[in-house]
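Here's a quick tour for anyone meeting this structure for the first time. Keep the 3D view open as you read.

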Amino acid sequence: MARRKLGQSGPEVSAIGLGCMNFSGFYGKTTRDESLATLDAAWTAGINFFDTSDIYGNGLSEEIIGDWLRNTGHQPVIATKGGIVTGAPRGTADNTADGLRARLEASFTRLGVDHVALYYVHRRQFDLPIETVTETLERFREEGLIGGFGFSEISPASLRRAASVAPVAAVQNEYSLWTRLPELGMIQACKELGTTFVPFSPLARGFFSDNEREFEAVTALPFLHANPRFSQPNYDLNRRAFAPFRAFSKARGWSVPAAALAWILDQGDHLIPIPGTRSPEHLNAWAAASDISFTPEDRLEIQRLLPVGWAHGDRYSDAQIVGIERYC
């Protein structure tokens, strides 16, 4: 597994990380044993960067990672997030110093650690200046609680405001072949400021797979049932639009998810995607993505097959996008 640097002064980590939200059953039922097996498979594949949050399963994801750490003795680079208020209306955030400290300490307890390499503010509290939040996070870093800090689902302008106070190690926003908004400023701002860009949902919530999923299977999941891209007629339109890329990948001997991740890695050496899965089998289908090299002809063909804006439907419904910072 290739390595990339996490932030200006952070550690080198695997070029592909593992998103651990699926351990909470968000995209379908799973078991603790399956989650532990997935962590084993990731470590075997050379993945040493694990991403989680205090709200994934109300702490379940962190607890599973903590169990795995205790049982294996491995020392991966852990990123976790805090700031979303559970049990409150969607989009409610608490970025106060006391609130973030309490959430970070609770994450430490579940993970069984006293330090994490990266701590994100999961969602902004919009009535609290991001400069003030950055000062809080920088104090955590100075105290040795975190190695670096970042923000999730923010705008390039907010990143610049935060970076005027202290270096921001990472920004985690959605980015993939069908969600291209970060190309309108975020990827560039991260490069300029020495901030790692961490794309989540790089495999389009399972859409970028080797085999098409039937519409009925998709709509059985509440989040996808309400998501515009997975609702009809958009779902069938997206399946037809994506089919040529699936054929392109298979003709070159690549799995579809591996090719989709390789495309992200090809956008800049400061990008570290974090695909999520609860299955060692699915993980092994894309774990070697960093071995794929595109020719100029490959890049042109991907651009032709999946031009910017090809996806039908928004990435979120109006209800799902609450609390996310919009720009452009």
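## A stacked pair of rings

Let's start with Phe208, which counts as buried at 2% relative accessibility. Bear in mind that this is a predicted model. Its partner is Phe242, and that one is buried too, at 0% relative accessibility. The ring centres of Phe208 and Phe242 sit 4.7 Å apart with the planes at 10°, so this pair is stacked: planes under 30 degrees apart earn that label.

Where do the two rings come from? Phe208 belongs to the loop between strand 9 (196–200) and helix 7 (215–219), while Phe242 is in helix 9 (residues 234–251). With their positions 34 residues apart, the pair links distant parts of the chain.

## The wider ring network

Phe208 and Phe242 also belong to a cluster held together by ring pairs. Other members include Trp178, Phe207, Phe215, Phe230, Tyr235 and Trp310. If you zoom in on Trp178, you'll find Arg229 lying over the face of its ring, 4.9 Å from the ring centre.

Across the whole structure, a search turns up 22 aromatic pairs. One of them joins Tyr175 and Trp263, with 5.6 Å from centre to centre and 40° between the planes, and it is tilted. This pair also links distant parts of the chain, 88 residues apart: Tyr175 is in the loop between strand 8 (170–174) and helix 6 (186–193), and Trp263 is in helix 10 (residues 256–265). Are these two buried or exposed? Tyr175 is buried, with a relative accessible area of 0%, and Trp263 counts as buried at 8%, because the cut-off is under 20%.

## Strand 5 and its neighbours

Now swing over to strand 5 (residues 77–82), where six of the six residues are buried. In a regular strand, side chains alternate between the two faces of the sheet. Here, Val77, Ala79 and Lys81 point one way, Ile78, Thr80 and Gly82 point the other way, and all are buried.

Strand 5 has parallel partners. Three bridges join it to strand 4 (residues 49–51), where Asp51 stands opposite Ala79. Four bridges join strand 5 to strand 6 (residues 116–121), and there Lys81 stands opposite Tyr120.

## How the chain gets across

Which way do the crossovers turn? Strand 4, helix 2 (residues 60–72) and strand 5 make a right-handed β-α-β unit. From strand 5 the chain then passes through helix 3 (residues 97–111) to strand 6, and this β-α-β crossover is right-handed as well.

Technical notes. Residues numbered from 1 in each chain as written. Predicted model: local features only at pLDDT ≥ 70, side-chain atom pairs only at ≥ 80, totals over all residues. Heavy atoms only, no water. Phe/Tyr/Trp six-rings, centres within 6.5 Å; stacked < 30°, edge-to-face > 60°. Helix = DSSP H or I, 4+ residues; strand = E, 2+ residues; numbered from the N terminus. Buried < 20%, exposed > 50% of the residue type's maximum accessible area, 1.4 Å probe, protein only. Lys NZ or Arg CZ within 6 Å of the ring centre and 35° of its normal. Pairing = 2+ DSSP bridges. Right-handed = clockwise from strand over helix to strand, strands pointing away.
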